[in-house]
Amino acid sequence: MVKRITEILIKNIVPNLPEEHKKWINVFNEVQSRIDTLFEALVSWYSGSVFLMHIDYQKLDKSRELMPLRLKTHIFEGYLYIELWNLLDPKGESSITKFVNYWTGDINKGGKEFADIFQGEISIDDLQEHFKVFKKWIKDNKEEINHFRYMRNKNFSHIDHSFEYENKVSFEYMIETISFISDYLSKLILIMKMINIRIVKGEPVGTQQYLIKYLDIDILRFRFRQELEGLLNYYRISGKGRKIFLLNCYDSIDETLKRVKHTTI
């Protein structure tokens with residue numbers, strides 16, 4: 001969808017753009033769109049997990065009514081592993097890792113080709129340092145990223161009798177990773193100083209760099225709480241127990257976010 005819309009836009013705006021330019025502009029747009037989707041998947045997965053954990057602990061409901069949510073949460077977990085590895089795969093056609101690795105050589109030589117494609121007021125020195133940040137993060141988190149790949153491969157395999165599900169990635173690390181990638185890309189756009197085209201709900205929108213903000217922990221807290229309240233309403237949990245249940249869920253969210261290492265890029 002993103003690729004098709006980007007190609008239509010480019011054809012209408014700059015019809016004579018070389019194929020190589022089209023390719024990298026499309027990659028950049030696709031990475032952004034996928035990170036937005038990844039954030040929403042994180043909210044649904046984590047909030048659903050907290051909701052189910054407290055339902056099970058307090059034995060409020062053991063009926064089959066919650067089975068769709070359990071399946072949905074499991075699907076979201078698999079999606080997160082798949083999409084995170086796709087975004088971090090060095091060989092991925094539209095991954096942030098390939099984008100950084102590919103352009104590092106050109107940036108180290110002055111970034112002429114990069115500037116020719118993205119046509120912004122690019123600070124090459126800042127861009128060079130920013131690429132180093134990503135490469136250091138990849139190196140420091142190699143073990144966890146390899147686990148993303150392992151779980152991605154297992155989610156794609158149809159039959160594997162030797163597979164043992166070992167989820168070594170915590171809630172905290174999943175939140176940290178998605179926050180880092182989101183913030184990294186936001187800062188990258190600021191460094192490039194470009195008026196950017198993003199695809200939102202299947203439609204292109206212009207985004208000025210000044211409107212882009214970092215993924216604040218308070219935003220995450222609000223979204224998790226909002227999602228939990230939606231689940232309580234959907235499953236018609238009311239009465240005196242509702243407030244206690246909700247406060248217990250909030251405590252779990254706060255405890256998780258306390259342990260999240262969120263580094264400003």
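**Close-up views of a predicted model**

The count of salt bridges here comes to 14. Keep in mind that this is a predicted model.

**View 1. The whole protein, before zooming in on details.**
To get your bearings, start with the parts: the protein has ten helices and two strands. Walk along the sequence and you meet them in the order α-α-α-α-α-α-α-α-β-β-α-α. Of the 265 residues, 46% count as buried. Among contacts with a separation of 6 or more, 73% come from residues 24 or more positions apart. As for the outside, the accessible surface comes to about 15,100 Å², and carbon and sulfur atoms account for 54% of that.

**View 2. A salt bridge between arginine 223 and glutamate 40.**
Here arginine 223 pairs up with glutamate 40, and their closest N and O atoms are 2.7 Å apart. Arginine 223 sits in helix 9 and glutamate 40 in helix 2, so this pair ties together parts that are 183 residues apart in sequence. How exposed are the two partners? Arginine 223 is buried, as its relative accessible area is 15%, while glutamate 40 is partly exposed at 36%.

**View 3. Glutamate 93 and its partners.**
Glutamate 93 belongs to the loop between helix 3 (67-88) and helix 4 (96-108). Leave out residues up to four places away in sequence, and glutamate 93 touches Val27 and Lys98. Valine 27 is 66 residues away in sequence, yet the C-alpha atoms of glutamate 93 and valine 27 are 7.7 Å apart in space. With lysine 98, glutamate 93 makes a salt bridge through the side chains, at 3.3 Å from N to O. The two ends of this bridge have contrasting surroundings: glutamate 93 counts as exposed because its relative accessible area, 54%, is over the 50% cut-off. Lysine 98 counts as buried because its 18% is under 20%.

**View 4. A salt bridge within helix 6.**
This view stays inside one helix: glutamate 129 and lysine 132 both lie in helix 6, three residues apart, or about one turn of the helix. Their side chains meet in a salt bridge with an N to O distance of 3.4 Å. Glutamate 129 is partly exposed, at 44% relative accessible area, and lysine 132 is partly exposed too, at 47%.

**View 5. Four charged residues in a network.**
Salt bridges can also link up into something bigger than a pair. Here Glu172, Glu255, Lys258 and Arg259 are joined in a network of salt bridges.

**View 6. The largest nonpolar core.**
Nonpolar side chains tend to be buried together in soluble globular proteins. The largest nonpolar core of this protein has 69 residues, and those touching the most other members are Phe51, Phe99, Phe114, Phe118, Leu127, Phe148 and Met174. Which helix gives the most to this core? That would be helix 2 (residues 19-58), which supplies 16 residues. Zoom in on phenylalanine 114, setting aside its neighbours within four places in sequence, and you find contacts with Phe99, Trp103, Asp106, Ile107, Gln119, Ile122, Leu127 and Met192.

**View 7. A nonpolar patch on the surface.**
Some nonpolar side chains show up on the outside. Met67, Leu71 and Ile75 make a nonpolar surface patch of about 290 Å². One of them, leucine 71, is in helix 3. Leucine 71 counts as partly exposed, with 49% relative accessibility.

**View 8. Asparagine 141, between two helices.**
Look for asparagine 141 in the loop between helix 6 (124-140) and helix 7 (142-156). Buried or exposed, what is asparagine 141? Asparagine 141 is buried, with a relative accessible area of 13%. The side chain of asparagine 141 reaches back to the backbone oxygen of tryptophan 137, at 2.8 Å.

**View 9. Arginine 236 and its positive phi.**
Most residues other than glycine have a negative phi. Arginine 236 is not a glycine, but its phi is positive, at about 55 degrees. You can spot arginine 236 in the loop between helix 9 (217-234) and helix 10 (240-258). Arginine 236 is exposed, with a relative accessible area of 61%.

How values were computed. Residues numbered from 1 in each chain as written. Predicted model: local features only at pLDDT ≥ 70, side-chain atom pairs only at ≥ 80, totals over all residues. Heavy atoms only, no water. Helix = DSSP H or I, 4+ residues; strand = E, 2+ residues; numbered from the N terminus. Buried < 20%, exposed > 50% of the residue type's maximum accessible area, 1.4 Å probe, protein only. Core = buried A, V, L, I, M, F, W, Y, C linked by side-chain atoms within 4.5 Å. Contact = heavy atoms within 4.5 Å. Areas by Shrake-Rupley, 256 points an atom, 1.4 Å probe, with all protein chains shown as cover. Patch = residues over 30% accessible without salt bridge, like charges linked within 9 Å, V, L, I, M, F, W, Y side chains within 5 Å. Polar contact = N/O pair within 3.5 Å; in protein donor to acceptor, adjacent residues only side chain to side chain.
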